[in-house]
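Colleague: I would like a close look at one part of this model, then its setting in the rest of the chain. Please keep it brisk.

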Amino acid sequence: MLIEKIKQLKQEKQAVILAHYYQRPEVQDVADYIGDSLDLSRIAAKTNAKIIVFCGVNFMAETAKILSPDKKVLLPVADAGCPMAMMINEKKLREYKQQHPDRVVICYVNSYASVKALSDVCVTSSNAEKIIRRFQHQKICYVPDKNLGLYLKEKYQLDLETWPGYCCIHNNLKPEQVQEMRHLHPNAKVLIHPEAPLEVLRLADYVGSTSGIIRTATESADQEFIIGTEEGILYPLRQKNPEKKFYLLNKGLLCRNMKKTTLPDVLRSLETETHEIIVEESVRIQARRSLDLMLEWSQEDA
Ligand code: SF4
């Protein structure tokens, strides 16, 4: 009944529902597109729908609005936010830039529009490696995720300063957990998201975005995998690979904010057209520049 109503309203209002891989399974099921930040930003930039209902956290819906200013972008739960995105703000980044005018500022997509607007280019965990390598011989400041920054700094020997931000879910992972899980599942490959600490990433067989983890597990001949990212990814992994086994690296890998959105929230959002995302136009134009560059460079290198 609920699902039927959502589908009907979606059609009537020419809306499209986008959902991140970390969303609840029933929300992923009702979505038109499921993906990671890069996939969903590409879809948001191209869609012909009049309304985008973004099932994720607020910086994601804001990114959709920056890329699709003529659409009405809705976030079903107003306070679904990302703590990492709140670990940096415009004022602090301005001060940093004044003190370090020689550093290129590269921002992770997990940031608000005002931070994207002050950055030279934006990246997601899917394209950060490709894009950051373009700046290999320059001084870089990477904001706000210290873990992805430190991982790339070590991998490519970069002159890179990191902001002290982190994802409170991935940052809690410990090397001992990887060792323990490897002991329990000796044939499993370990796939970890780069928001985890460097000492954990060093123990992984593969480090990559949620899309990268899904692709790697799906294409691999291996049958067992230890997954080091938010538990929502297990749903698409098991759907695509019903014969393979997936073990979550740690049961604490659950993002409370990503799980706030329920089906009744999606329905209410469509019915009442709330909560609409608004981005001030001058900020949007500047933020769009860093996102457009990201989309262009990830396309070129794809
Ligand atoms: S999983 Fe981490 S980075 Fe992603 S939305 Fe939740 S807190 Fe933010």
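Colleague: Which residue forms a salt bridge with Glu273, and what is the distance between the closest N and O atoms?

Modeller: The partner is Lys72, and the closest N and O atoms are 2.7 Å apart. The cut-off for a salt bridge is 4 Å, so this pair qualifies. The two residues come from distant parts of the chain, 201 residues apart. Glu273 sits in the loop between helix H13 (263-272) and helix H14 (281-301), while Lys72 is in strand E4 (residues 72-74). Keep in mind that this is a predicted model. The whole structure holds 18 salt bridges.

The domain assignment puts this pair in context. Domain 1 is made of 2-81 + 258-278. Lys72 falls in the segment 2-81 and Glu273 in 258-278, so the bridge joins the two segments of domain 1. Domain 2 is also split, as 85-166 + 287-301. Domain 3 covers 170-248.

Stay with the Glu273 loop for a moment. The peptide bond from Thr274 to His275 is cis, with omega near -5 degrees. His275 lies in the loop between H13 and H14, where Glu273 is also found. Another backbone detail in domain 1 is Gln14. Its phi is positive, about 50 degrees, although Gln14 is not a glycine. Gln14 belongs to the loop between helix H1 (2-12) and strand E1 (15-20).

Now the contact of domain 1 with domain 3. Their centres, taken over C-alpha atoms, are 27 Å apart. Nine residues of domain 1 touch 14 residues of domain 3. Together the two domains bury about 890 Å², with 52% of that on carbon and sulfur atoms. Tyr21, Tyr22 and Lys259 provide 59% of the area that domain 1 buries there, more than any other three residues.

Lys259 also has a charged partner. Its salt bridge is with Glu230, at 2.8 Å between the closest N and O atoms. Between domain 1 and domain 3 the count is two salt bridges. Eight residue pairs are in polar contact across this boundary, both residues at pLDDT 80 or more. On the side of domain 1, helix H2 (residues 25-30) gives the largest share of the touching residues, three of them. By class, that side has three nonpolar, two polar and four charged residues.

Domain 2 deserves a look as well. A search of the whole structure gives four aromatic pairs. One of them is Tyr108 with Tyr142, 6.3 Å centre to centre, with 45 degrees between the planes. Stacked pairs lie under 30 degrees and edge-to-face pairs over 60, so this one counts as tilted. Tyr108 is in strand E5 (residues 104-108) and Tyr142 in strand E7 (residues 139-143), 34 residues apart. Strand E7 runs on to Val143. There a cis peptide bond joins Val143 and Pro144, with omega about -15 degrees. Pro144 itself lies in the loop between E7 and helix H8 (146-156).

Technical notes: Residues are numbered from 1 along each chain as its sequence is written. This is a predicted model: local features need pLDDT of at least 70, side-chain atom pairs count only at pLDDT 80 or more; totals for chains, interfaces and linings use all residues. Side-chain values use heavy atoms; hydrogens and water are left out. Contact means heavy atoms within 4.5 Å. Buried area is the accessible area (1.4 Å probe) that two parts lose on being put together, summed over both. A salt bridge is a side-chain nitrogen of Lys or Arg within 4 Å of a carboxyl oxygen of Asp or Glu. A polar contact is a pair of N or O atoms within 3.5 Å; within protein, one must be able to donate a hydrogen and the other to accept it, and residues adjacent in sequence count only if both atoms are side-chain atoms. Helices (H or I, at least four residues) and strands (E, at least two) are DSSP runs, numbered from the N terminus. Ala, Val, Leu, Ile, Met, Phe, Trp, Tyr, Cys and Pro count as nonpolar, Asp, Glu, Lys and Arg as charged, and the others, Gly among them, as polar. Rings of Phe, Tyr and Trp (its six-membered ring) pair if their centres lie within 6.5 Å; planes under 30 degrees apart count as stacked, over 60 as edge-to-face and the rest as tilted.
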